[in-house]
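Let's take a walk through this structure together. Have the sequence and the 3D view ready, and we'll stop at a few places along the way.

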Amino acid sequence: MKDITVIRTLGHGAFGKVCLACHDATGVHYALKSQSKNAIVENNLQEHVLMERSILMQLDHPFILKLTCAFQDDYDIFFLLELLIGGELFSHLRKAGRFAEPTMKFYAAGVILAFDHMHQKKIAYRDLKPENLVLDKDGYLKVVDLGLAKIVPGKTWTLCGTPDYLAPEVILNEGHDKAVDYWALGVLMYELVSGSPPFYADDPMEVYEKILSGNMSFPSHFGKYLNDIVRKLLKLCQSKRLGNGKHGCGAIKKHRFFSGFGWDDLLSRNMDKLKPPIEVKVADDADAHNFDQYEEHAEDKIARKSWNPPLDEA
């Protein structure tokens, strides 16, 4: 920590926060995620936090957040992460109300490429939502917060995720795998073009009932190919869900909704051929106006000296 100057808070989580920070020697800005050791131990989440670090270290993709290093003191575990200064996709959606189909297509494609990379390594992401998609300074999307990501060689039974995005098999505790990510992709595509998720309700139990019924209505401005791809992603039966066959994400990329889309241009970030639809306006890397302002105050911290996991191993 002595090498870093913390500038301001960018966001709060259940056990800590993310701050804008600057590495003093190089002047490079980062996002510094701090998580309370005491809260982690009290909630028996030690393995969970170390899994997130391990998974971040296995991933290397243009549309997935990069971990630079992890370190600790007596109070916190720190992740020094790539800085994404463009704000959450959720904030941009809230401002716009809803996105046009080409805008959604650009950002959904980034998620699909990120999922393809994760799924090849048998990693299920399990926490897709607009709040976990953050733009970099050029307007490209990155998938962030891999706290619920898990290596799933077979099935897993953990109940986790956001109610609106939960796949039926998670709600029914039938055991799930990476197919939950394809379901969540369908929810995301619907929400970005509609402005609200397909199974929205104020009460989570009502949301679950709607999800399990499989009934949804499509706004009149949805194109027929968008209708079709969302229906195929939101199949109650995992085995019939688009993406969950032997071709994986390739089957989603071949759907007519993405006909003519420049996948290679997106992956190579070729702005001349495929420009990000949202223009990010920042003066420099220290300009955090795309994030909510938080009141900065001193925190009462509790030391947890008994838990010192090795964080310097590759």
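A residue counts as buried when its relative accessible area is under 20%. With that cut-off in hand, take Gln 35: its relative accessibility is 9%, so Gln 35 counts as buried. Keep in mind as you look around that this is a predicted model.

Where does Gln 35 sit? You'll find Gln 35 in strand 3. Setting aside neighbours within four places in sequence, Gln 35 is in contact with Phe 15, Gly 16, Ile 40, Val 49, Glu 52, Tyr 75, Asp 76, Ile 77 and Phe 79.

Stay on that strand for a moment, because Lys 33 is also worth a stop: at 14% relative accessibility, Lys 33 counts as buried too. Lys 33 lies in strand 3, which covers residues 29-36. UniProt, in an unreviewed entry, places a "binding site" feature at Lys 33. And what does Lys 33 touch, once neighbours within four places in sequence are left out? The list is Lys 17, Val 18, Glu 52, Ile 77, Phe 78, Phe 79, Leu 81 and Asp 145.

Now zoom out a little. The unreviewed UniProt entry also places a feature called "domain: Protein kinase" at residues 4-258. That span is 36% helix and 19% strand, and its end C-alpha atoms lie 43 Å apart.

On to a pair of helices. Helix 4 takes in residues 101-120 and helix 6 residues 179-194; their axes come within 10 Å and cross at roughly 165°. Angles over 145 degrees count as roughly antiparallel, so that is how helix 4 and helix 6 run relative to each other. The crossing of helix 4 past helix 6 is right-handed. On the helix 4 side, the contact is made by Glu 101, Met 104, Ala 108, Val 111, Ile 112, Phe 115 and His 119. Helix 6 brings Asp 181, Tyr 182, Leu 185, Leu 188, Met 189, Leu 192 and Val 193. Sorted by class, this contact has 11 nonpolar residues, one polar and two charged.

Our last stop is Lys 210, found in helix 7, residues 204-213. Is Lys 210 buried or partly exposed? With a relative accessible area of 32%, Lys 210 is partly exposed. Not counting residues up to four places away in sequence, Lys 210 touches Phe 199, Tyr 200, Ala 201 and Asn 215. Remember Val 18, one of the contacts of Lys 33? Lys 210 and Val 18 are 192 residues apart in sequence, and 34 Å apart in space from C-alpha to C-alpha.

Definitions and conventions
Residues are numbered from 1 along each chain as its sequence is written. This is a predicted model: local features need pLDDT of at least 70, side-chain atom pairs count only at pLDDT 80 or more; totals for chains, interfaces and linings use all residues. Side-chain values use heavy atoms; hydrogens and water are left out. Axes are lines fitted to C-alpha atoms, for helices over the stretch in contact, and angles run from 0 to 180 degrees between N-to-C directions. Helices (H or I, at least four residues) and strands (E, at least two) are DSSP runs, numbered from the N terminus. Angles under 35 degrees count as roughly parallel, over 145 as roughly antiparallel, 65 to 115 as roughly perpendicular and the rest as oblique. A crossing is left-handed if the near helix is turned anticlockwise from the far one by less than a right angle, and right-handed if clockwise. Contact means heavy atoms within 4.5 Å. Ala, Val, Leu, Ile, Met, Phe, Trp, Tyr, Cys and Pro count as nonpolar, Asp, Glu, Lys and Arg as charged, and the others, Gly among them, as polar. UniProt positions are given in the numbering used here, feature names are shortened, and annotations may be inferred rather than shown by experiment. Buried means under 20% relative accessible area, exposed over 50%, partly exposed in between (1.4 Å probe, protein chains only).
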